[in-house]
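Reader: Could you take a close look at one part of this model for me and follow its connections outward from there? I would like each cut-off to be spelled out where its term comes up.

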Amino acid sequence: TNVREEGVGEADSVKTDGKNLYILDGQTVHIVGIGSEEMQALSEISYDDDCYVREIYVEEGKIVLLYTRGEILYGEDGYYKQLTCADVYDVSDPSSPEKINTVTQSGHYNTMRVSGGYVYLFSDFYVAGVARTHTSLYVPEVQGKLIEASAIYMPQGKMGNSYTVISSFDLDDPSGKTDSRAVFG
């Protein structure tokens, strides 16, 4: 990964911690040991076809897998909803990755950054003409809960049809508090 801003980490399709390579290949992340003369396949993390794995990030014994998945809501002829997901795994033993937590938010994965030990996750959430009874189709959710109205920014006098949803969580405690905001425009 090219460093664009000193001290700000970015996801990519290949990462290294100096001892191992983490390689995203379609729906699978291969963990390969590079500590000796010959590379050694250590383990894999694989996803089903309903998850579109976009990027990975590695830091201090953890890997974050970033993907978009879809689900149908409200019956067979219901609405299609996209979720951005960040799965955090403990890879302190790279031969046996252990999932710690998943952070989810509305929309299609856009990008992520890491600064000061916090992961900042960005997604694009498009609002279609939906019935007012289906709130989760026009108000973004994080961890399955609607974002509070006070955390949604709506420019005055502007029309729009999408949100940028931003969530942050501590990489050292990914199961802890998640902070979120959404900008409509």
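The answer below begins with one strand and then turns to its surroundings.

Author: The model is a predicted one, so local features are described only where pLDDT is at least 70 and side-chain atom pairs only at pLDDT 80 or more, while totals for chains, interfaces and linings draw on all residues. Residues are numbered from 1 along each chain as its sequence is written, and side-chain values rest on heavy atoms, with hydrogens and water left out.

The part I have chosen is strand β8, residues 79-90, where a strand is a DSSP run of E with at least two residues, numbered from the N terminus. On one hand, β8 is joined to strand β7, residues 62-73, by 12 bridges, and these two strands run antiparallel; strands are said to pair if DSSP finds at least two bridges between them. One position in this pairing is Leu65, whose bridge partner in β8 is Asp87. On the other hand, β8 pairs with strand β9, residues 98-106, over 8 bridges, again in the antiparallel sense, and here Val88 stands opposite Asn101 in β9. Strands of a sheet pair through backbone hydrogen bonds, either parallel or antiparallel.

Leu65 also leads into the packing of side chains. The largest nonpolar core (a set of buried Ala, Val, Leu, Ile, Met, Phe, Trp, Tyr and Cys residues joined through side-chain atoms within 4.5 Å) has 17 residues, and those that touch the most other members are Tyr47, Ile63 and Leu65. The elements that give two or more residues to this core are β3 (20-25), β4 (28-33), β6 (51-59), β7 and β8, and the largest share, 4 residues, comes from β6. Leaving aside neighbours within four places in sequence, Tyr47 is in contact (heavy atoms within 4.5 Å) with Gln27, Val53, Leu65, Tyr67, Asp87 and Tyr89; that list holds Leu65 and Asp87, the two residues named above as bridge partners. A second, separate core of 14 residues includes Ala86, Val88, Tyr109 and Val114. In soluble globular proteins, nonpolar side chains tend to be buried together.

The loop between β6 and β7 holds Glu60, whose phi is near 45 degrees, a positive value in a residue other than glycine. Most residues other than glycine have a negative phi. Glu60 counts as exposed because its relative accessibility is 69%, on a scale where buried means under 20% relative accessible area, exposed over 50%, and partly exposed in between (1.4 Å probe, protein chains only).

β8 takes part in a pocket as well, a pocket being an open set of points on a 1 Å grid over the protein atoms alone, where a 1.4 Å probe fits, with protein on both sides within 12 Å along at least five of seven lines; lining residues have an atom within 4 Å of a point. The second largest pocket has a volume of about 190 Å³. Of the 12 residues that line this pocket, Tyr80, Lys81, Gln82, Phe125 and Tyr126 are the closest to its centre. Both β8 and β11 (118-126) supply at least two lining residues, and β8 gives the most, with 4.

Through β11 the path continues into an open sheet of 6 strands, in the order β1-β10-β11-β15-β16-β14, with mixed pairing. Its edge strands, each pairing on one side only, are β1 (8-10) and β14 (152-153). β11 is joined to strand β10, residues 108-115, by 7 antiparallel bridges; Thr111 has Phe122 as its bridge partner in β11, and Val114, which was met in the second core, is partnered there by Val119. The hairpin of β10 and β11 has 2 residues between the strands, and in it Gly116 takes a positive phi near 60 degrees. Toward strand β15, residues 162-170, β11 makes 9 bridges, also antiparallel, among them the one between Tyr120 and Ser168.

Finally, β16 of this sheet connects with the largest pocket, which holds about 230 Å³ of space. Its lining draws two or more residues from each of β13 (145-146) and β16 (179-184), and includes Gln143, Leu146, Glu148, Asp179 and Ser180. Gln143 sits in the loop between β12 (141-142) and β13, has a positive phi near 55 degrees, and is partly exposed, with a relative accessible area of 33%.

Methods. Points joined across faces, edges and corners; volume = space filled by probe spheres on them.
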